[in-house]
Amino acid sequence: MEKTRILVTGGTGYIGSHTVVELQQAGYEVVIIDNLSNSNIDVLDGIEAITGMRPAFVEGDVTNIETLKSLFDTYPGIKGIINFAASKAVGESIEKPSLYYRNNLVSLLNLLDLMGPNGVEGIVFSSSCTVYGEPDRNPVTEETPIKTATSPYGNTKQISEEIITDMIRSGAPFKSVILRYFNPVGAHPSALIGELPNGVPQNLVPYLTQTAIGIRKELSVFGNDYDTPDGSCIRDFINVVDLAKAHVIAVNRMLDGKSEQPVEIFNLGTGDGVSVLQLIESFERSTGVKVPYRIAPRRPGDIVKVWADPTRANKVLGWKTEISLDDTMRSAWNWQLKLRERGIM
């Protein structure tokens, strides 16, 4: 039986690579396009070692429509797209807004323009809880009001959701599932793939593990005087493998004709609010390794507290998180140890 072909943009990145593993294990054939701006070609070796299959790979930029056209010519019959091709650092987006608008919006427009002519039936879009801004109440449901974005990055996610909705309303011949992630952390249990940002990590957990192993001097906790039980910001930390599995369910749903609406939106989180200091405690408890940290001044643009109400994803998709925070932190540490063993970090 011929396998269904899926295009994963940004597929060598952190969430992309874990999703490619889950797609291949679910029987899909995967084509990746990535410009390797925040990832490494060696990720393909990790994916192959886990699944026994090497995905097709195109090194290229999704903002270049000619590159995409030739990809669709080379790999005909792509039925679904999962779009991870986006720049994602909040701080950098404030400094370089035009880079973020160009990367994140032009790439999406190119994909949407080529879907109809190439018979692609659906697109899963990687969105974010940043669309809710600083919510008036937690946990956050899909009906929680969208607030004015606090960064160009957040704004690109809001605009992307609107672009997808407008295109489908206009009669475009495809469906979409928009997944609003909370905070993905951890690594594959094999320690063969994980989060490996180029340069100094912008995300909390890789910075934490690099500090624990001695690459960084100390971890900065930005603010301990917020209106939370221990004064540090609260987030909903979701294991990246749990998150990746939701994408496979979303693809199945679109391609099997089970979508209830042409555009469906789901929050992906655990439903638990965990503070930054609690996350550090979980890491230390689950690994036995101490993390040197200091309390630093608050960071502009940081949201005080946000966590998900994942009821809709639990009920409609039949998806829920399964991996505990302690196990997740242990997986992040095992990945860091594996990088050291390989002489990378």
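**Exercise 1.** Does Val-124 count as buried or exposed, and at what relative accessibility?

*Solution.* The structure is a predicted model. Step 1: locate the residue; Val-124 belongs to strand E5. Step 2: take its relative accessibility, which is 0%. Step 3: apply the cut-off, by which a residue under 20% relative accessible area is buried. Val-124 is therefore classed as buried.

**Exercise 2.** Determine which residues contact Val-124 when neighbours within four places in sequence are left aside.

*Solution.* Step 1: apply the contact criterion, heavy atoms within 4.5 Å. Step 2: list the partners, which are Ile-81, Ile-82, Asn-83, Val-177, Leu-179, His-247, Ala-250, Val-251 and Met-254. Step 3: add a C-alpha distance; Gly-80 and Val-124 are separated by 44 residues in sequence and by 7.9 Å in space.

**Exercise 3.** Identify the strands that pair with E6, and state the sense of each pairing.

*Solution.* Step 1: consider strand E5, residues 122-128, which pairs with E6 in the parallel sense over seven bridges. Within this pairing, Leu-179 of E6 is the bridge partner of Ser-126. Step 2: consider strand E11, residues 263-268, which pairs with E6 in the parallel sense over six bridges. Here Val-263 in E11 stands opposite Ser-176.

**Exercise 4.** Which handedness has the β-α-β unit that contains E5 and E6, and how many residues of E6 are buried?

*Solution.* Step 1: trace the elements; E5, helix H6 (residues 152-169) and E6 form the unit. Step 2: assign the handedness, which is right-handed. Step 3: assess the cover of E6, residues 175-181; six of its seven residues are buried, and the strand is mostly covered.

Note on methods
Residues numbered from 1 in each chain as written. Predicted model: local features only at pLDDT ≥ 70, side-chain atom pairs only at ≥ 80, totals over all residues. Heavy atoms only, no water. Buried < 20%, exposed > 50% of the residue type's maximum accessible area, 1.4 Å probe, protein only. Helix = DSSP H or I, 4+ residues; strand = E, 2+ residues; numbered from the N terminus. Pairing = 2+ DSSP bridges. Right-handed = clockwise from strand over helix to strand, strands pointing away.
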